[in-house]
Amino acid sequence: MARKSLTTSLRNLRVNAVPFLVLLSLHAVIGSGHDYHDALRKSILFFEGQRSGKLPPDQRVKWRRDSALHDGSTVGRDLTGGYYDAGDNIKFGFPMAFTTTLLSWSIIDFGRNMGPELKNAVKAVKWATDYLLKVTAAPDVVYVQVGDAYSDHNCWERPEDMDTLRSVYKIDGSHPGSDVAGETAAALAAASIVFRSRDPAYSRLLLNRAARVFDFADRHRGAYSSSLRSAVCPFYCDVNGYQDELLWGAVWMHKASRRRRYREYVVKNEVILHAGDTINEFGWDNKHAGINVLISKEVLMGRAEYFESFKQNADDFICSILPGISHPQVQYSPGGLIFKAGGSNMQHVTSLSFLLLAYSSYLSHANKVVPCGETTASPALLKQLAKRQVDYILGDNPLGMSYMVGYGPRYPLRIHHRGSSLPSVQAHPARIRCKEGSRYFLSPNPNPNVHVGAVVGGPNITDAFPDSRPFFQESEPTTYINAPLVGLLAYFSAHP
């Protein structure tokens with residue numbers, strides 16, 4: 001959005017936003033009474049239910065068993081481990097890497113608020129990074145997907161019974177994928193910060209690998225959905241282009257390594273790689289708002305004036321997301337939920353709310369506010385906005401329903417998730433084959449395995465929610481919905 005039209009929209013904030021901001025203030029005064037620490041514990045536990053590979057002795061989600069133990073064997077590699085991204089049994093590298101970056105960022109900024117859950121959050125990161133190290137073991141190659149999505153989606157099977165194709169897809173010098181490689185570099189670099197004091201040798205391994213993967217992403221430019229279109233589209237097709245991932249990777253490399261070359265790369269490529277584009281987008285496909293918020297911390301600390309334009313982009317992002325502003329890309333439901341077009345809306349809610357909270361923290365430490373036309377966004381207001389979204393997820397919404405499975409008295413019972421909806425191996429030791437699972441998919445009964453901590457795609461623009469498996473856009477959980485929520489819940493568990 002052009003700055004001029006943004007300013008014009010901001011003039012309407014005082015009128016249009018009054019009802020919402022009054023409700024927001026009342027919400028802050030009255031308080032929600034949520035048990036954020038319980039929600040935090042459950043949001044991290046969810047990742048154990050998404051694990052692929054051989055499960056460890058301390059596995060807490062008992063309805064899951066070992067699965068996909070031969071992944072990579074067709075290409076002579078051990079590609080076991082990692083996470084299933086959502087309710088199916090594919091390992092998609094692009095969203096898995098983004099999940100890892102956001103889990104790491106959650107720990108970096110809010111780990112001090114996690115208490116006893118910090119160790120579980122760190123384990124959740126390591127389960128991902130151990131896998132990312134495997135897929136990047138060979139120079140100039142990244143294995144970016146295990147499993148054929150069409151074959152998998154044709155069946156309703158437990159991961160433990162999987163007999164669908166476990167095809168392996170890679171990017172290399174001849175088939176570039178700067179988007180997924182850039183995000184993988186970002187994930188490894190961010191995680192290296194998490195392990196810097198906990199396990200220095202592992203941290204160095206992560207950072208060195210991140211540097212190699214970033215270099216590969218930059219030297220061999222292109223979108224992985226051009227190289228691997230039939231495999232990755234329309235599931236995790238890179239619609240937004242690979243340029244933002246190169247900047248995102250460089251920003252995390254700068255943050256993790258403090259090497260001058262990455263700082264210079266960011267400054268030099270700001271315009272070339274479109275840092276000012278789509279400033280209010282942030283998710284597995286689009287990193288722009290995240291880049292601007294992450295870099296702005298250094299500007300606000302007064303030690304990086306060469307990044308000033310990124311801070312201006314971050315300020316514009318904040319102004320564009322304030323309720324009451326007529327912005328075509330960000331809406332609010334009548335019940336107050338951030339809403340963006342497309343499926344799985346909760347991914348936008350948690351990612352954008354995380355940025356609101358992170359930026360409010362950076363502003364607070366610098367004693368700054370965001371000027372938005374004729375109004376001002378204070379750090380306190382940004383925290384209230386983020387908290388309102390979290391409370392909506394936990395049950396403060398028109399349906400009085402928590403969208404986190406296992407939290408509160410009422411939550412989704414029929415989530416679109418194979419392992420949760422089919423009887424566990426313990427309850428039903430015999431194999432349930434491809435089409436034999438269909439009756440469980442179509443059953444009106446609640447899922448037999450409660451996937452505690454799973455946050456589903458959520459209600460539509462009218463706050464309506466069909467608690468039904470076939471409505472996957474509303475009822476399917478994903479790892480990248482939960483990853484930023486971990487940071488949000490950590491903060492609010494310490495500052496309710």
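The exercises below work through a predicted model of one protein, from its overall dimensions down to single helices and one loop residue.

**Exercise 1. Overall form**

Task: Determine whether the radius of gyration of the protein agrees or disagrees with that of a compact globule.

Solution: Begin with the chain length, since for 496 residues a compact globule would have a radius of gyration near 23 Å. The protein has 22 Å, which agrees with this expectation. Next, consider the extent of the C-alpha trace, which spans about 65 × 50 × 40 Å along the principal axes. Then turn to burial and contacts: 64% of the 496 residues are buried, and of the contacts between residues at least 6 apart in sequence, 75% join residues at least 24 apart. Finally, the surface exposed by the protein amounts to about 18,100 Å², of which carbon and sulfur atoms supply 55%.

**Exercise 2. Helix α4**

Task: Among the 21 helices and 7 strands of the protein, take α4 (residues 36-49) and find how far it reaches from its first C-alpha to its last, and which elements its buried residues pack against.

Solution: Helix α4 has 14 residues, for which 20 Å is expected at 1.5 Å a residue, and the helix reaches 20 Å, close to that value. For its cover, count the residues under 20% relative accessible area: 12 of the 14 residues of α4 are buried, so that the helix is mostly covered. The buried set includes the charged-type positions D38, K42 and E48, as well as L40, I44, L45, F46 and F47. The packing partners of these buried residues are α5 (93-110), α6, α17 (379-394) and α21 (479-494).

**Exercise 3. Helix α9**

Task: Compare the span of α9 (residues 200-219) with the span it should have at 1.5 Å a residue, and identify what its buried residues pack against.

Solution: The 20 residues of α9 should span 28 Å, and the end C-alpha atoms are 29 Å apart, which agrees. The buried residues of α9 include Y202, L206, L207, R209, V213, F214 and F216. These buried residues of α9 pack against two strands, β2 (141-146) and β3 (168-172), and against the helices α6 (118-135), α8 (178-194), α12 (243-257) and α13 (260-269).

**Exercise 4. Residue C233**

Task: Locate C233, and decide whether C233 is buried or exposed.

Solution: C233 is in the loop between α11 (229-232) and α12. Its relative accessible area is 8%, and since buried means under 20%, C233 is buried. Leaving aside neighbours within four places in sequence, the contacts of C233 are with Y150 and S225. As a last step, C233 and N482 are 249 residues apart in sequence, while their C-alpha atoms are 23 Å apart in space.

Technical notes: Residues are numbered from 1 along each chain as its sequence is written. This is a predicted model: local features need pLDDT of at least 70, side-chain atom pairs count only at pLDDT 80 or more; totals for chains, interfaces and linings use all residues. Side-chain values use heavy atoms; hydrogens and water are left out. Helices (H or I, at least four residues) and strands (E, at least two) are DSSP runs, numbered from the N terminus. The radius of gyration is taken over C-alpha atoms; the globule rule is 2.2 Å times the number of residues to the power 0.38. Buried means under 20% relative accessible area, exposed over 50%, partly exposed in between (1.4 Å probe, protein chains only). Contact means heavy atoms within 4.5 Å. Accessible areas come from the Shrake-Rupley method with a 1.4 Å probe; for residues, only the protein chains shown count as cover. The expected span of a helix is 1.5 Å times one less than its number of residues.
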